[in-house]
Every structure is written in structure tokens, then in C-alpha cells.
Amino acid sequence: MPEEHRHMYELEYPSPEVSSDGAAGPTLIVALQGYADAGQAVSASADHLLAALENRLVASFNTDELIDYRSRRPTVTMENNEVTKVEKLSLDMRVLRDIQGQPFLLLSGPEPDLRWDSFTQATADLVRKYNVSQVICLYSAPMTVPHTRPLVVSAHGNSPELMQDLFRFDGSVMLPGSAALQLESVLGKQRTAVAGFTAHVPHYVSSSPYPEATLKLLRSVAHNANLELPLQTLERDWERVAQQLTEQMDDSSEIQHVVAALEQQYDEEVEQYRTRHPKAVLPGEEDLPSGEEIGQEFERFLADLDEEE
């Protein structure tokens with residue numbers, strides 16, 4: 001590893017088991033805070049996974065090398081005129097296991113302010129070291145969409161298998177850079193399968209926690225990376241927030257007018273996308289069972305009838 005990248009991280013010792021019994025290496029999920037995190041969906045995704053699943057530290061990055069503390073000041077606690085606690089900013093990679101015990105990696109924490117080249121090269125070094133088979137970077141952006149329509153998760157990347165039926169933008173898109181996007185570029189050059197998933201959050205709620213965005217991001221990860229993730233608490237959180245939004249809209253004719261205009265725009269864009277991509281699975285359709293799933297369920301139903309007879 002080049003000298004300029006050598007002090008980016010420290011490996012945990014003894015190192016936890018990262019590989020699985022299968023031939024393919026683990027999936028790496030990248031959830032960096034501070035960029036494209038509308039509705040706090042990216043940070044909430046990492047927090048949810050760490051709280052809900054068994055996890056162990058694999059590598060911790062040197063935040064003194066990467067973080068500008070003046071722009072991202074840690075919280076300090078004072079008690080009885082004395083400093084008793086200083087918040088620790090942690091940027092690390094951990095190995096988690098899904099409900100079935102399948103291992104995957106999670107890189108989470110604040111997006112580096114400094115030394116992006118060294119950080120991305122160091123992360124690419126870890127990807128090679130642990131034989132990572134595919135990488136999914138999480139993003140969340142404020143968009144002119146209504147909360148009354150299915151939330152869109154769009155995908156980009158070099159792996160059709162990772163993106164599968166997710167919404168994709170046609171043509172060219174110009175956007176501000178980030179450490180995660182630079183990491184995607186580096187991984188693409190070393191021929192690692194990589195994709196970015198972006199939740200489209202209604203712009204008028206993007207400054208507050210928006211559980212539907214977190215839920216849809218993690219559902220997309222689970223489906224496309226073949227992981228089983230515990231999402232029931234996120235579903236309940238979204239039901240609660242959806243009820244609150246419905247009550248607020250019912251009390252305001254002005255909000256109703258704005259949402260109706262957004263609904264019309266949303267529906268028109270979805271139909272245009274359907275015309276361009278007739279075989280695509282559109283927002284809201286991903287939860288519908290496929291023909292194969294319906295057939296399997298019908299076979300189970302007939303088998304149950306035979307057993308009863």
C-alpha cells in the first residue's frame with residue numbers, strides 16, 4: 001500500500017470472520033453522512049442496521065487525517081462546570097450478519113472532509129483484502145415529488161445485476177462530487193461491481209427524519225444484494241409519519257393544492273418512463289408478487305388442500 005495511504009485506517013485485531021460459506025465475497029454497503037442525506041435516510045439506514053444486527057469492527061479510519069473538526073464540531077457535555085464528555089466521531093467498517101447469518105460489510109460515519117484520494121484508495125484496498133463481491137452506496141436527495149405517491153429509489157452503476165428493476169435516469173446528469181461518488185469511480189476502474197441507490201424524498205419534508213426513505217433504501221439493498229434485513233420497526237415508523245402528514249394535509253387547502261400539482265407531475269413522468277422502458281418495474285409495483293411467486297404460492301395452496309384431504 002502506498003505510504004500516503006498507509007495511515008488511513010487501523011485493522012481490528014483479532015480480525016472478525018468476514019467470509020461466508022458461499023463462493024461469492026461479501027457485499028459492502030457505504031453509508032456516509034453529510035452528503036445527499038435528505039430525510040436523514042442514509043445516516044438512519046446505518047444506525048438501523050447497527051442497532052438491529054450483530055456487528056463487529058473490522059477497520060477504523062483515522063478521523064484526525066480525514067475530518068475538519070471546525071466544520072463538523074463534536075458535541076461537548078459539561079456538568080457542574082466541568083467538561084465530562086466529548087463526542088467521538090467514528091468512521092469505520094464493520095461486518096454484520098443478516099437474519100439468516102449471511103455476512104456483509106458496512107462502511108459508515110461522517111463523510112471525510114479531507115484527503116479523498118487517500119480515503120478512496122484505502123477503502124478500495126479493503127475491498128480487495130476482504131474479497132468484496134459488490135458495493136452499494138446509499139444516497140438520499142430532495143425532489144419535487146409528493147408524499148402521497150410511492151417513493152422512488154433510483155439506481156446508477158456498472159452492474160445491471162445490482163440495479164435490476166430500479167428506476168434509472170436517462171441521459172447525462174451533472175451533480176456535486178462526494179467521497180462516495182469518487183469511491184464508485186475508483187472501484188469501477190478496478191472492475192468491482194458497484195451501484196448507487198438514491199431515495200427521492202419530497203423536498204418539503206427533506207429536513208426532517210423521513211422513515212419511508214430509509215425503509216425503501218434498505219428494501220432495495222435487501223432485494224438486490226440478497227440479504228434478509230429486519231425492517232418492521234421502520235415500517236411502523238413510516239405508518240406513524242404518514243398519518244401525521246395526512247392530518248396536516250387535511251387541515252390545509254394550500255398544502256392540498258401543492259400536493260395535487262406534484263401528483264399530476266409525478267404521474268406524467270411515471271407514464272413517460274413507462275413508455276421509454278415498457279418492461280421496467282415502476283415505483284409501487286416492486287411490492288407486487290411476480291408471476292413465479294404467484295405460481296409458487298398457488299402450488300403451496302394446492303399442496304395444503306391435498307394434505308387436508
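Reader: Which residues form one aromatic cluster with Phe 61?

Author: This is a predicted model, and a search of the whole structure finds six aromatic pairs. Phe 61 also belongs to a nonpolar core of 34 residues, which includes Leu 91, Leu 105 and Tyr 130 as well. The residues that form one aromatic cluster with Phe 61 are Tyr 9 and Phe 119.

Reader: Why is the pair of Tyr 35 and Tyr 139 given its class, and what is that class?

Author: Tyr 35 is buried, with a relative accessible area of 18%, and Tyr 139 counts as buried at 3% relative accessibility. Their ring centres lie 6.3 Å apart and their planes stand at 85°. Because planes over 60 degrees apart fall in that class, the pair is edge-to-face.

Reader: How many residues apart in sequence are the parts that this pair of Tyr 35 and Tyr 139 ties together?

Author: Tyr 35 lies in the loop between β2 (27–33) and α1 (41–52), whereas Tyr 139 lies in strand β8. The pair therefore ties together parts whose separation in sequence is 104 residues.

Reader: Which helix gives the most residues to the largest nonpolar core?

Author: The largest nonpolar core has 40 residues, and among those that touch the most other members are Phe 104, Val 221 and Leu 229. With seven residues, the helix that gives the most to this core is α6 (residues 211–225).

Reader: Which class of residue, nonpolar, polar or charged, has eleven members in the lining of the second largest pocket?

Author: This pocket has a volume of about 510 Å³, and of its 18 lining residues the closest to its centre include His 156 and Phe 169. The lining has six polar residues and one charged residue, and the class with eleven is nonpolar.

Conventions. Residues are numbered from 1 along each chain as its sequence is written. This is a predicted model: local features need pLDDT of at least 70, side-chain atom pairs count only at pLDDT 80 or more; totals for chains, interfaces and linings use all residues. Side-chain values use heavy atoms; hydrogens and water are left out. A nonpolar core is a set of buried Ala, Val, Leu, Ile, Met, Phe, Trp, Tyr and Cys residues joined through side-chain atoms within 4.5 Å. Buried means under 20% relative accessible area, exposed over 50%, partly exposed in between (1.4 Å probe, protein chains only). Helices (H or I, at least four residues) and strands (E, at least two) are DSSP runs, numbered from the N terminus. On a 1 Å grid over the protein atoms alone, a cavity is a set of points where a 1.4 Å probe fits but cannot get out, and a pocket is an open set with protein on both sides within 12 Å along at least five of seven lines; lining residues have an atom within 4 Å of a point. Grid points are joined across faces, edges and corners, and a volume is the space filled by probe spheres set on the points. Ala, Val, Leu, Ile, Met, Phe, Trp, Tyr, Cys and Pro count as nonpolar, Asp, Glu, Lys and Arg as charged, and the others, Gly among them, as polar. Rings of Phe, Tyr and Trp (its six-membered ring) pair if their centres lie within 6.5 Å; planes under 30 degrees apart count as stacked, over 60 as edge-to-face and the rest as tilted.
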